[in-house]
Amino acid sequence: MDSILEIQRRTHEEIERVEQAIVDERVTKPKAHKDRLVQDSRVNGLLERIQSRSRSLLDLYWDEDGFRKAEIATITGTSDFGEFYSRLKDIKDYHRKAPNVPVEPMDVEFQHRDLEREETGRSGHLRSPDVILLEKTGKVDRNLLVF
């Protein structure tokens, strides 16, 4: 189980990344009304995500169960490196039990979102990220794609 402080750090990072995604979304000005509505809908979803993550973060900071205070007390305790080596042992045990667990960084989600936003030159419809990647690698002919 992750520590309360690590969960808070990760939540703050996620909120910052979602804020940057909103900025990136708003940089482009849509030309058509439909595109503006789609953009507003995406931004609304991102804002709702920030609100929900902020609520959970606030609950962690209120610390009604006292876990955060106890964790801070153990970190700032009088033992020199006891807590550090204890946590290091837990991490090593986890990786020994599950050595090949893939880790997906938070950036991947937002890069995937950027790929979805790219448009075709002819029809202006959104395309699948797989099709975009295939076209960029040159492994598919655009003229053969029928939607």
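## Around Asp63

Which residues does Asp63 touch, not counting residues up to four places away in sequence? They are Arg68 and Lys69. Keep in mind that this is a predicted model.

Asp63 sits in the loop between helix 2 (33-62) and helix 3. Its relative accessible area is 16%, so Asp63 counts as buried, the cut-off being under 20%. The Asp63 side chain also gets to within 3.1 Å of a backbone atom, the nitrogen of Phe67. Looking further along the chain, Ile4 is 59 residues away from Asp63 in sequence, yet their C-alpha atoms are separated by 9.6 Å.

## Helix 1 against helix 3

Ile4 belongs to helix 1, and together with Leu5 and Gln8 it meets a set of residues in helix 3: Phe67, Arg68, Glu71, Ile72 and Ile75. Sorted by type, the residues of this contact come out as five nonpolar, one polar and two charged.

How do the two helices lie against each other, and at what angle? Helix 1 (residues 4-27) and helix 3 (residues 67-75) pack at about 110 degrees, and their axes are 9 Å apart. That angle makes the pair roughly perpendicular.

## The chain as a whole

Stepping back, the chain has six helices and zero strands, so to speak an α-α-α-α-α-α run from the N terminus on. Of its 147 residues, 20% count as buried.

The accessible surface of the chain is about 11,500 Å², and carbon and sulfur atoms hold 56% of that. As for contacts with a separation of 6 or more, 52% are between residues 24 or more positions apart.

Terms used: Residues numbered from 1 in each chain as written. Predicted model: local features only at pLDDT ≥ 70, side-chain atom pairs only at ≥ 80, totals over all residues. Heavy atoms only, no water. Axes fitted to C-alpha atoms, helices over the stretch in contact; angles between N-to-C directions. Helix = DSSP H or I, 4+ residues; strand = E, 2+ residues; numbered from the N terminus. Parallel < 35°, antiparallel > 145°, perpendicular 65-115°, else oblique. Contact = heavy atoms within 4.5 Å. Nonpolar A, V, L, I, M, F, W, Y, C, P; charged D, E, K, R; others polar. Buried < 20%, exposed > 50% of the residue type's maximum accessible area, 1.4 Å probe, protein only. Polar contact = N/O pair within 3.5 Å; in protein donor to acceptor, adjacent residues only side chain to side chain. Areas by Shrake-Rupley, 256 points an atom, 1.4 Å probe, with all protein chains shown as cover.
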